[in-house]
Amino acid sequence: MPSQLEGAMDALIAVFYNYSGNDGDKYKLNKGELKQLLNSELTDFLTSQKDPMLVEKIMNDLDSNKDNEVDFNEFVVLVAALTVACNDFFQEQKKKAK
């Protein structure tokens with residue numbers, strides 16, 4: 001039986017490949033695939049944002065090699081950054097509650 005962390009890693013890989021390759025390279029997300037992934041998998045995050053250009057900005061920030069696609073390594077950077085931001089937010093909330 002996989003550990004909790006192994007399960008999380010497996011889920012991250014599965015989510016990426018569930019959306020990649022629907023339209024083109026199966027190892028990368030184009031802008032449409034990234035938008036679909038974000039809308040489906042990070043709904044609360046997107047709806048809490050006010051910027052209509054958010055997906056475009058995320059794509060530009062993640063696309064380190066400027067090929068207009070996001071590969072798995074670039075995608076993991078997004079997930080890691082959001083995870084750190086969530087952790088920071090909840091740690092700050094704990095401090096305020098004391």
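**Entry 1: the loop between α4 and β2**

I began with Asn-68 and located it in the loop between α4 and β2. The model is predicted, and I read every value below as computed from it. For Asn-68 I found a phi near 60°, a positive value in a residue other than glycine. Most residues other than glycine have a negative phi, so I noted the angle for the record. I then looked up the accessibility of Asn-68: its relative accessible area is 58%, and the residue therefore counts as exposed.

I turned next to Lys-66, which is also found in the loop between α4 and β2. Its phi is near 55°, again positive in a residue that is not glycine. With a relative accessible area of 57%, Lys-66 is exposed, the cut-off for that class being over 50%.

**Entry 2: the salt bridge**

How many salt bridges does the structure hold? I found one. The side chains that meet in it are those of Asp-67 and Lys-28, at 2.8 Å from N to O. Asp-67 lies in the loop between α4 and β2 (70-71), whereas Lys-28 belongs to strand β1, so the pair ties together parts that are 39 residues apart in sequence. I also checked how open Asp-67 is: its relative accessible area is 26%, which means that it is partly exposed.

**Entry 3: overall layout**

I then recorded the chain as a whole. I counted five helices and two strands, and along the sequence they follow the pattern α-β-α-α-α-β-α. The C-alpha atoms fill a box of roughly 50 × 40 × 25 Å, taken along the principal axes. Of the 98 residues in the chain, 22% are buried.

**Entry 4: packing of α1**

I looked up how α1 is placed against two other helices. Against helix α5 (residues 72-97), α1 packs at an angle of about 120°, and the axes are 11 Å apart. This angle makes α1 oblique to α5, because it falls outside the 65 to 115 degrees taken as roughly perpendicular and is not over 145. I noted the crossing of α1 past α5 as right-handed.

For helix α2 (residues 31-41), I found that its axis and that of α1 come within 9 Å and cross at roughly 130°. Here too the angle makes α1 oblique, this time to α2. The crossing of α1 and α2 is right-handed.

**Entry 5: a surface patch**

Which residues make the nonpolar surface patch of about 300 Å²? I listed Ile-13, Tyr-17 and Tyr-27. I placed Tyr-27 in the loop between α1 (4-19) and β1 (28-29).

**Entry 6: Asp-51**

Lastly I looked up Asp-51, whose place is in the loop between α3 (43-47) and α4 (54-62). Is Asp-51 buried, partly exposed or exposed? I entered it as partly exposed, because its relative accessibility is 30% and that class lies between the limits of under 20% for buried and over 50% for exposed. I also took its distance from Gly-21: the two residues are 30 apart in sequence, and their C-alpha atoms are 27 Å apart in space.

Conventions. Residues are numbered from 1 along each chain as its sequence is written. This is a predicted model: local features need pLDDT of at least 70, side-chain atom pairs count only at pLDDT 80 or more; totals for chains, interfaces and linings use all residues. Side-chain values use heavy atoms; hydrogens and water are left out. Patches are made of residues with over 30% relative accessible area and no salt bridge: like charges are joined within 9 Å, nonpolar side chains (Val, Leu, Ile, Met, Phe, Trp, Tyr) within 5 Å. Accessible areas come from the Shrake-Rupley method with a 1.4 Å probe; for residues, only the protein chains shown count as cover. A salt bridge is a side-chain nitrogen of Lys or Arg within 4 Å of a carboxyl oxygen of Asp or Glu. Helices (H or I, at least four residues) and strands (E, at least two) are DSSP runs, numbered from the N terminus. Buried means under 20% relative accessible area, exposed over 50%, partly exposed in between (1.4 Å probe, protein chains only). Axes are lines fitted to C-alpha atoms, for helices over the stretch in contact, and angles run from 0 to 180 degrees between N-to-C directions. Angles under 35 degrees count as roughly parallel, over 145 as roughly antiparallel, 65 to 115 as roughly perpendicular and the rest as oblique. A crossing is left-handed if the near helix is turned anticlockwise from the far one by less than a right angle, and right-handed if clockwise.
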